[in-house]
Amino acid sequence: ALPVPLLALVLLLAGWGGPGAAGQRRKEMVLSEKVNQLMEWASKRSVIRMNGDKFRRLVKAPPRNYSVIVMFTALQPHRQCVVCKQADEEYQILANSWRYSSAFTNKIFFAMVDFDEGSDVFQMLNMNSAPTFINFPAKGKPKRGDTYELQVRGFAAEQLARWVADRTDVHIRVIRPPNYAGPLMLGLLLAVIGGLVYLRGSNLDFLYNKTGWAFAALCFVLAMTSGQMWNHIRGPPYAHKNPHTGQVNYIHGSSQAQFVAETHIVLLFNGGVTLGMVLLHEAATSDMDVGKRKIMCIAGIGLVVLFFSWLLSVFRSKYHGYPY
């Protein structure tokens, strides 16, 4: 038999270790249930839809050994959030690329909270805009970098994948569904060109038409200077609508980003200035009577002044305090 003091020490240690071990087992059991539940949902839908209860239990509450990328959005038609629908399409592409990847594991899950299904979550996180992407890491609370900079990076699936890799070390190869619009348009263009060559094979003077080539070159220049290539690379939203006030912003307030609508506006303004300059040139060099030339000159000056002033106003709204 053990001495009384030694027996007391053994019983005391057993008392300490017992509840701790039971708590650890209970923690592991809860974690296993959560992972199994998320895996079951992910097998049915790549993006798991969550309400307030599911979010608090599976995303906010410990234990958790997995990361959850959550898109907070407002997809209901009465919300009229066009950007939310566009971002959701890219988000679905990213989640599907991960779900059907050979590297798919339970290390990361993709979820979505719609405002009409989880407004309490928006209030809990003090969130006043949508769409918003947040990474809830496996350990600890989200840091500043765990909130995706949508206005800067855009919502293209490839940009989201880079951000996910940076925050979770999970690299996702984005696989988009086949899009036949490009090849069809190219085939249509080649068919039109081939038809013109066939119908006018004996007269190819239209290929040497300076006006036609100048117009095509001008359209290309206006598209590039307005930022269409930036849109293609970054995939920004078309515009931004404040979910509380309903106000729609077409001009981005930062000089480091832009909306698609903004490039269309700048394209229109550049086109107006260009048209004004063309009219001024024609007024100075054409052989028309003086009256018509005066009208063209006045119209050209008006277009240049009006559209160039609008361009300057857009510039000032993006570069605050310029030139200081």
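**View 1. A single cavity turns up in this predicted model**. The search finds 1 cavity of 30 Å³ or more. Here a cavity is a set of points, on a 1 Å grid over the protein atoms alone, where a 1.4 Å probe fits but cannot get out. Grid points are joined across faces, edges and corners, and the volume is the space filled by probe spheres set on the points. For the largest cavity that volume is about 40 Å³. Its lining residues, which have an atom within 4 Å of a point, are A42, S46, A95, W98, R99, F104, I108, F109 and F110. Helix α3 and strand β3 each supply at least two residues of that lining.

A quick note on the ground rules: residues are numbered from 1 along each chain as its sequence is written, and side-chain values use heavy atoms, with hydrogens and water left out. The model is predicted, so to speak of local features takes pLDDT of at least 70, side-chain atom pairs count only at pLDDT 80 or more, and totals for chains, interfaces and linings use all residues.

**View 2. The largest nonpolar core holds 30 residues**. A nonpolar core means buried Ala, Val, Leu, Ile, Met, Phe, Trp, Tyr and Cys residues joined through side-chain atoms within 4.5 Å. Buried is under 20% relative accessible area, exposed is over 50%, and partly exposed is in between (1.4 Å probe, protein chains only). Y91, L94, F110, F133 and V164 touch the most other members. Two or more residues come from each of β2 (67–73), α3 (82–99), β3 and α6 (157–168). Top contributor is α3, with 8 residues. These elements are DSSP runs numbered from the N terminus: helices are H or I with at least four residues, strands are E with at least two.

**View 3. Zooming in on F133 and its contacts**. Which residues does F133 touch, leaving out those up to four places away in sequence? The list runs V70, M71, A87, Y91, D146, T147, Y148, L150, L160 and W163, with contact meaning heavy atoms within 4.5 Å. Elsewhere, a second, separate core of 22 residues includes L38, V59, A111 and F122.

**View 4. E117 and R49 pair up from distant parts of the chain**. Their side chains meet in a salt bridge at 2.8 Å, N to O. The term covers a side-chain nitrogen of Lys or Arg within 4 Å of a carboxyl oxygen of Asp or Glu, and the total is 10 salt bridges. E117 sits in the loop between β3 (108–114) and α4 (119–124), while R49 is in strand β1 (residues 47–49), 68 residues apart. Both are partly exposed, E117 at 36% and R49 at 28%.

**View 5. K44 and E40 form a salt bridge within helix α1**. Their closest N and O atoms are 3.8 Å apart. The two are 4 residues apart in α1 (residues 4–44), so about one helical turn separates them. K44 is exposed at 66% relative accessibility, whereas E40 is partly exposed at 40%.

**View 6. R167 forms a salt bridge with D166**. The closest N and O atoms are 3.8 Å apart, and R167 is partly exposed at 31%. In another spot, shared partners join D53, R56 and D120 into one salt-bridge network.

**View 7. Two of the spans annotated as "transmembrane region"**. The unreviewed UniProt entry puts this label on residues 180–199, 211–230, 265–283 and 295–315; positions follow the numbering used here, feature names are shortened, and annotations may be inferred rather than shown by experiment. Residues 265–283 are 100% helix and 0% strand, with end C-alpha atoms 27 Å apart. Residues 295–315 are also 100% helix and 0% strand, and their end C-alpha atoms lie 30 Å apart.

Methods. 1 Å grid on protein atoms, 1.4 Å probe; cavity = no way out; pocket = protein on both sides within 12 Å on 5 of 7 lines; lining within 4 Å.
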